[in-house]
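Trainee: Please take a close look at one part of this model, the first helix of the second chain, and then show me how the rest of the model is arranged around that subject. I should be grateful for each step of the reasoning.

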Amino acid sequence: MISTVVLTAGLTLILIGLWGILRHRNILRIIIAFSLIGTGTHIVIVAIGYVENGTAAIIDRGLSAAEAPMRAVDPIPSALTVTAIVIGLAVTAIMLAFAIRLYEAKRTLSINAFTESKG
Amino acid sequence: MIRRTGMVLAIALFGFMFAGLVIHHVERQSLPPLGKRYVELVAHELGAANIVTGILLTYRGFDTLGEVAVLFMVAAGVGLVLNKRGRRNQGKRGVTCSPPRQASEIVRTGAQILVPLLGIFATYIILHGHLSAGGGFQGGAVLASSLVLMLFADPQQRLDQQFLSRTEAAAGVLFVLVGVAGLIFAGGFLDSRVLPLGQFGAFFSAGTIPLLSLLLGIKVGCELSVIIDRFRS
């Protein structure tokens, strides 16, 4: 049940991001939409790793090592998400750097001004 | 009009696909075999309480190394894209840069109070990566965010880029050296059982995982700081 809700939220975020990319003409907004898609994907990955009534995969007073395999959520999607967040940040940084350069070239952030590669 | 229809169609199709995923999604009742194996192995073999950190720094340590390399390349790439020499035509177009406004009293005082606290918090997150929620990436991000706050408070401040690059390079080299030590003295590259595992749940435990976590935190913090600083100039 919980994971279905989280999965729906993540997929909705991806859809909103997709809409933003297709709808907006401002490069900064498109970058924000890309980040939304990335965040949605992270949420979807975490949701897939959820085990019913599971808890975080950290062994402490609340979760002994013996019962961890029964009660912990899947740690692999969590580990992958940490990786994905960092890569998402890297991609955003590169996109922003290019946005700055594009702005310097044309003095505008609208992608309508960049027609060189239009077929 | 055609564009709009195409857009609506594309989103509707994606929505249809996602709806199928949600409808047929069944919540897991138990861990998949690989996840179960990792949960058992990290606790018993590595002695790390935080299983995610154990996976990230040992079983998937090579991935983590590659990822830090990606961050490094992004720092270099942002520097390349935004470098000063390639932007000679900037002055010609009549852009005048007014001197940056002084930060407000609230921001400056807030930064004075928060930056040391954020530093302590980042260290805590990094060093307790093997015991509780946290680790090198998270702590490094907190470290870099304290730097952003510092730069907001005093935009004129110059960062010592060379120091940051050197620290980062040193942390990277040490990370690889610890990995190679695992190759020689234990089971394989980045194997954390070079140092004694210690008592489960104690601060000094889980072999080299706290050490790797610390190096990773320093490296990520420096890399993110360099990226942020490149955007400023």
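Mentor: Let us begin with the term on which the description depends. A residue is called buried if 20 or more other C-beta atoms lie within 10 Å of its own, exposed if there are 12 or fewer, and partly exposed in between. Please also keep in mind that the model is predicted.

The helix you ask about is H1 of chain B, which covers residues 2–23. None of its 22 residues reaches the cut-off: the count of buried residues in H1(B) is zero, and the helix is hardly covered. Its length can be checked in a simple way. A rise of 1.5 Å a residue gives an expected span of 32 Å for the 22 residues, and the end C-alpha atoms of H1(B) are 31 Å apart, so the two values agree.

We may now set this helix within its chain. Chain B has eight helices and zero strands, and its elements run α-α-α-α-α-α-α-α from the N terminus. Of the 233 residues in chain B, buried ones make up 36%, whereas H1(B) contributes zero buried residues. The C-alpha trace of chain B spans about 65 × 55 × 35 Å along its principal axes. The radius of gyration of the chain is 23 Å, while a compact globule of 233 residues would have one near 17 Å. Even so, 70% of the contacts in chain B with a separation of 6 or more join residues 24 or more positions apart. Confidence should be considered as well: the mean pLDDT of chain B is 81, and 92% of its residues reach 70 or more. Where pLDDT is low, the predicted coordinates should not be read in detail. For the model, ipTM is 0.79 and pTM is 0.83.

Where, by contrast, are the buried nonpolar residues gathered? The largest nonpolar core has 61 residues, and those with the most contacts inside it are Val39(B), Val42(B), Ile51(B), Ile55(B) and Leu71(B). At least two residues of this core come from each of H4 of chain A and helices H2, H3, H4, H5, H6, H7 and H8 of chain B. The largest share, 11 residues, is supplied by H8(B). A second, separate core of eight residues includes Leu7(A), Leu18(A), Ile43(A) and Val44(A). Returning to the larger core, Ile55(B) is a useful residue to follow. Apart from neighbours within four places in sequence, Ile55(B) is in contact with Pro75(A), Ile76(A) and Ala79(A) on one chain, and with Tyr38(B), Val42(B) and Arg60(B) on the other.

These contacts lead us to the interface. Chain A gives 41 residues to the contact and chain B gives 45. On the side of chain A that touches chain B, the elements giving two or more residues are helix H1 (2–23), helix H3 (68–71) and helix H4 (75–106) of chain A. The largest share of that side, 17 residues, comes from H4(A). By kind, the residues of that side are 30 nonpolar, five polar and six charged.

Chain A itself has four helices and zero strands, in the pattern α-α-α-α. Its radius of gyration is 19 Å, well over the 14 Å that the globule rule gives for 119 residues, so chain A is more spread out than a compact globule. Its C-alpha trace spans about 60 × 25 × 20 Å along the principal axes. Among the 119 residues of chain A, 31% count as buried.

Finally, you may practise the cut-offs on three residues. Ile16(A) lies in helix H1 of chain A; its 15 other C-beta atoms within 10 Å fall between the two limits, so it is partly exposed. Leu177(B) is placed in helix H7 of chain B, and with 11 such atoms it is exposed. Arg107(A), in the segment after H4 of chain A, is also exposed, with 10 C-beta neighbours inside 10 Å. The backbone of Arg107(A) deserves a further look: its phi is positive, about 60°, although the residue is not a glycine.

Notes
Residues are numbered from 1 along each chain as its sequence is written. Chains are lettered from A and ligands numbered from 1 in the order in which they are written. This is a predicted model: local features need pLDDT of at least 70, side-chain atom pairs count only at pLDDT 80 or more; totals for chains, interfaces and linings use all residues. Two residues are in contact if their C-beta atoms, placed from the backbone, lie within 7 Å. Ala, Val, Leu, Ile, Met, Phe, Trp, Tyr, Cys and Pro count as nonpolar, Asp, Glu, Lys and Arg as charged, and the others, Gly among them, as polar. The radius of gyration is taken over C-alpha atoms; the globule rule is 2.2 Å times the number of residues to the power 0.38. The expected span of a helix is 1.5 Å times one less than its number of residues. A nonpolar core is a set of buried Ala, Val, Leu, Ile, Met, Phe, Trp, Tyr and Cys residues joined through C-beta atoms within 7 Å. pLDDT is the predictor's confidence in each residue, from 0 to 100.
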